[in-house]
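Reader: I would like a close look at one part of this model, the protein surface that faces the RNA. Please go through what forms that surface and which contacts are made there, and then place it beside the other parts that can be described.

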Amino acid sequence: MKKKRLITSALPYVNNVPHLGNIIGCVLSADVYARYCRAAGYETLYICATDEYGTATENKAREEGLSPKEICDKYHAIHQEIYQYFNISFDFFGRTSHPEHIEVTQAIFSDLDKAGLVLEQETEQTYCEVDQMFLADRYVEGTCPHCGYEGARGDQCDRCGKLLQPTELKNPKCQVCGNPPVLKKTKHLYLDLPSLESRLSEFHQRSSIQGKWAHNAITTTQGWIERGIQPRPITRDLKWGVPVPKAGFQNKVFYVWFDAPIGYISATKSGYPDTWKDWWFDPEGTQLYQFMAKDNIPFHTVVFPASLIGSGQNWTLLHHIASTEYLNYEGGKFSKSRSLGIFGTDLKELDIPIDLWRFYLLFNRPERSDSNFSWDGFLEDINSNFIDNIGNLLNRVLVFYQKNYGQPLDGAIPASQVGFLDQVKELGATALGLMDQVQIKDGLKTILAMGRLGNKYFHDSEPWKGIKEDPEKTKEILVALIYLLHDLGQLLSPYMPQTAEEILGMLGQKKRGLTGLGDWSSLAGAQLPAPAILFQKLEKKRIDSFKDRFSGKRELVEEGPDPFAAWAKVEIKVGKIIHIEPHPEADRLYVEKIDLGEDQPRTLVSGLKAYYSAEELLGRKVLVASNLKPALLRGVWSQGMVLAVEKRKRLEVVDLKEAEIGEVAFLEGESPNRALPEIELDTFFAAQIRVKDHRFEIEGRGLSLAFGPLKSVEISEGKVG
RNA sequence: GGCGAAGUAGCUCAGUUGGUUAGAGCGUACGACUCAUAAUCGUAAGGUCGCGAGUUCAACUCUCGCCUUCGCUACCA
C-alpha cells in the first residue's frame with residue numbers, strides 16, 4: 001500500500017504580491033510534485049493558504065484606510081487569481097482568517113499548555129517610561145551575561161552569538177533614548193523549546209535521513225540548533241490575530257510564527273471538514289512534503305514540529321523538506337517598491353502562454369544555489385530548449401505520418417523498434433525516479449533528453465528516403481516516434497499540464513497518468529487530428545520590449561540615482577575638530593565637537609578610532625556632510641558625518657589647512673550648496689563622491705573650495721564617505 | 001566591522017564519501033540533412049574548477065589565509 005502524500009507550499013503573506021521567485025520557490029514547485037504524485041497513483045492532497053495575521057497587515061490596513069479583514073479579502077483574491085492563472089492545482093487554498101484556524105491553533109495551544117510546555121512567564125518586560133512603550137527585544141541593549149560584551153542587544157549578543165532575552169542583560173538601556181528601561185509587568189506565554197530538545201533531535205535524525213532533506217535544510221537546521229534553543233514567546237500585544245484562550249491573556253493574540261504553520265492544518269480542515277484527520281493524524285500512512293524558500297527552513301524543521309510534537313497528539317510530521325534558493329531578476333533582487341522584476345499581476349498583460357512560464361521557471365529552478373532570471377535566457381530556453389526540441393519533434397512526426405499514412409494510426413508494436421523503445425522506456429523511468437525524489441529540474445531535463453533522442457532517431461532513420469524504398473519499415477519508425485511522444489506527453493503533464501494535454505490530444509489520447517508509460521495499446525487505431533503548431537516561437541523584438549519595461553530602467557528614468565541630482569541636495573562644509581574623545585560606550589567610535597562656523601559647535605560621532613589617534617585628529621580642518629539627518633550611534637546623536645577617503649582597508653581624513661571654517665564645497669563651475677534641508681544618508685551616497693588621482697570628484701567633475709580643488713594626500717583613489 | 005552563503009566553459013547550471021583525459025544544455029565555428037516552426041543531426045573550439053599556501057601517493061572536492069559577489073546585521077553615518 002502506497003503511503004499518502006500530503007503536500008504543502010509555504011503560506012504566502014497575504015499583502016505581498018508574489019513575484020516569479022516566490023512562485024517557483026513554493027507554489028509552482030509544490031504543484032509539479034502534487035501533479036506528479038496524483039499521476040503516479042499516490043493518494044495526494046495539496047494544501048496552501050494565505051497567512052493573514054500580524055503587524056504588517058495592520059499597518060497596511062491603516063495605510064489604505066481599510067480594516068485588516070478587508071485588506072486580507074482584497075489581497076487573498078489577488079493571490080487566488082495569480083495562482084489560478086499559473087494553473088496551480090491546489091486541492092484547497094485557504095486563509096488563516098478562517099474560523100477553523102482559530103479552532104486548530106487554540107487546540108494545539110491547549111494541548112501544549114496541558115503538557116506543561118507553555119511557560120506562563122508573567123515576566124516583567126522592559127518598558128521605557130520616557131518613550132512610553134514596551135521595547136522590542138532588539139531595542140534594549142546592555143552587557144551580555146555570557147561573554148560580558150557591553151553592546152549586546154536584547155535578542156542576541158553580537159559578540160558571542162547567543163540568543164538572549166532583554167531581561168538577561170546587565171545594565172539595560174533603551175536604544176531609542178538611552179535611558180534605562182523599567183520592568184513593567186506584562187504577561188506573555190512562551191513555548192518551552194528546551195524541554196522538547198531531545199524529542200526534536202530524534203525527529204531530525206529520523207526525518208532528515210528518511211525524507212532525504214536537501215543540503216541547505218540540514219545545515220540551516222543544525223545552525224539554528226547550535227545557536228541555542230530558547231523558550232520562544234508565542235503571544236503578542238496586537239489585535240489582528242488568533243486570540244489566546246487563556247485567562248489573563250484575552251487581550252493578546254498569538255505570534256504569527258506560532259499560528260502561521262498551523263495554517264496548513266486548519267486550511268485542510270476548512271476544505272475537508274470530515275477527512276482532514278486522515279491526513280494530519282496519520283504519521284504511519286502519510287508522508288508530509290513541504291515546499292518553501294530557504295528563509296523558511298527553521299520554522300518547518302524546528303518550530304512547527306516542536307509545536308506538534310509537544311502537543312502530545314499523533315500528528316503527521318515533516319517527511320521531506322523541499323527548500324529552494326532564491327531566483328534573482330537580471331542579476332538583482334526582485335523589488336516591488338522599485339517595480340523591479342516580474343510579479344504575478346504583470347503576467348496576464350504579457351500574454352505569453354502560462355506553460356512557457358512554467359517551463360522556464362522549472363527549468364531554472366534554484367535548487368542548489370541562487371539562479372537568475374534574464375529575458376535573454378528566457379527567450380533562448382523557450383525557443384531552443386523547448387520549442388525547437390519538443391514542439392518541432394511533435395510537428396515533424398505527425399505531419400510526416402499523416403501525409404504519408406493517413407488514418408487511423410497503425411498501432412501494433414513493431415518488432416524492429418524494440419531497441420529504440422527500450423531507450424524511451426529507460427528515459428521515462430529515469431524521469432519518474434527523479435520526480436519522485438523531488439529532483440524537479442533534473443526530471444524536466446530528462447524529458448528534454450527524450451525529445452532529443454526522438455529528433456536524433458528521426459534524423460538517423462532518414463524516413464524521407466525510406467518512404468520511397470521501404471514504406472512499411474518507415475511506418476514502424478514513425479509509429480515508434482509517436483509512442484515516444486505519448487510517453488513524453490504523459491511525463492510533461494506535471495510540468496506543463498495544458499501543453500501535455502494538447503500533445504496527447506494530437507495523438508488522439510487523453511492524459512492517463514504516469515503509470516501508463518510504456519503501455520501503448522491505446523494508440524492502436526487512434527484517430528489523429530490534424531497536426532497543429534504547439535507554440536509559436538517567441539520573437540526577440542517582443543521580448544526586448546519587455547526588457548525595457550521590467551528591467552528597472554524605469555527606475556533610472558523616474559527616480560534617477562543621478563549623482564548630480566543627489567549632489568544638489570548635499571551640503572559639505574569645512575569644520576575644525578575642537579574637541580575629541582573616545583565614545584564612552586563604543587570601541588571604535590570617537591565623539592567630536594566640530595566648529596563649522598555656526599553659533600554652536602556640533603557633536604559628531606565617527607568610526608575613526610581604528611585609523612587615527614585622538615591627537616592626530618584634534619585641530620584638523622575636515623570635510624563634514626553637514627545637512628545629514630542626525631543619527632543615534634550608541635546613545636550619542638551625531639549631527640553630521642566626517643568625510644574620509646576610503647580604499648580597501650585604508651582611510652584618510654583630509655586635513656584642509658588652507659580652508660576657512662564654515663566654507664562650503666562646490667562643484668567646479670557652480671556655486672556652493674547652502675542652507676539645504678536635511679537629507680538621508682542614502683541621498684548623500686547617491687551623489688557618489690569619489691577620489692581619483694587625488695582629486696575629489698563626481699562623475700569626472702571636480703569639487704573645490706575657495707582656495708582651489710579638493711585633494712587627498714595619501715590615498716589617490718577611493719570612495720568618499 | 002561581524003555572521004552566513006556563494007565564486008566550475010561566452011551564458012544557465014551538474015559535479016555523490018578526495019581517485020584515470022572536469023560534465024550537460026544553450027550559444028559560437030565548420031560540416032551534413034531537408035520530413036519539420038531556417039527546425040534537426042554530427043564534429044570542433046572553449047575551463048591553471050576565484051587567488052595563494054598546506055595536508056595527501058592523489059585536491060574542483062579537506063585545512064588555513066586572501067580577493068570578489070550576495071544576503072543578514074552592526075559601534076559605517
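**The surface near RNA strand B**

Author: Helix H13 contributes the most to the surface near RNA strand B, giving twelve residues. The model is a predicted one, and what follows is computed from it or, in one case, taken from a record.

In total, 54 residues surround RNA strand B. The closest of them are Arg368, Ser371, Ser606, Gly607 and Gly640. By class, this surface divides into 22 charged, 16 polar and 16 nonpolar residues. On the RNA side, sugar or phosphate accounts for 74% of the atoms of strand B that lie within 4 Å of the protein, and bases supply the rest.

Three polar contacts can be given with their distances. The side chain of Asn392 has an N or O atom 2.7 Å from a sugar or linking oxygen of RNA strand B. Asp587 uses a backbone N or O atom, which lies 2.6 Å from a base nitrogen of RNA strand B. Met641 also takes part through a backbone N or O atom, here 3.4 Å from a sugar or linking oxygen of RNA strand B. The elements that give two or more residues to this surface are strand S18 (371–373), helix H13 (375–405), helix H15 (440–461) and strand S21.

S21 leads on to a sheet. An open sheet of five strands, paired antiparallel, runs in the order S21-S20-S19-S22-S25. Its edge strands, S21 (602–606) and S25 (641–642), each pair on one side only. Within the sheet, strand S19 (residues 572–582) runs antiparallel to strand S20 (residues 590–595), and six bridges join the two. One bridge pairs Lys576 with Asp595 of S20.

Another part of the model is its second largest pocket, with a volume of about 980 Å³. This pocket is lined by 36 residues, of which Tyr13, Asn16, Asn22, Asp295 and Asn296 are the closest to its centre. Two or more lining residues come from each of helix H1 (20–39), helix H3 (68–85), helix H7 (256–259), helix H10 (297–310) and strand S17 (327–329). H1 supplies the largest share of the lining, six residues. The lining is made up of 21 nonpolar, ten polar and five charged residues.

The record enters here. In an unreviewed entry, UniProt places a short sequence motif, the 'HIGH' region, at residues 12–22. In the model, the C-alpha atoms at the two ends of residues 12–22 are 8 Å apart. That span is 27% helix and 0% strand.

A further open sheet has three strands in the order S4-S11-S12, with antiparallel pairing. Strand S4 (118–121) and strand S12 (232–233) are its edge strands, each pairing on one side only. Strand S11 (residues 188–191) pairs with S12 in the antiparallel sense over two bridges. In one of these, the partner of Tyr190 is Pro233 in S12.

To return to the request, H13 gives twelve residues to the surface near RNA strand B, and 22 residues of that surface are charged.

Technical notes: Residues numbered from 1 in each chain as written. Chains lettered and ligands numbered in written order. Predicted model: local features only at pLDDT ≥ 70, side-chain atom pairs only at ≥ 80, totals over all residues. Heavy atoms only, no water. 1 Å grid on protein atoms, 1.4 Å probe; cavity = no way out; pocket = protein on both sides within 12 Å on 5 of 7 lines; lining within 4 Å. Points joined across faces, edges and corners; volume = space filled by probe spheres on them. Helix = DSSP H or I, 4+ residues; strand = E, 2+ residues; numbered from the N terminus. Nonpolar A, V, L, I, M, F, W, Y, C, P; charged D, E, K, R; others polar. Pairing = 2+ DSSP bridges. Near = heavy atom within 4 Å. Polar contact = N/O pair within 3.5 Å; in protein donor to acceptor, adjacent residues only side chain to side chain. UniProt positions renumbered as here; feature names shortened; annotations may be inferred.
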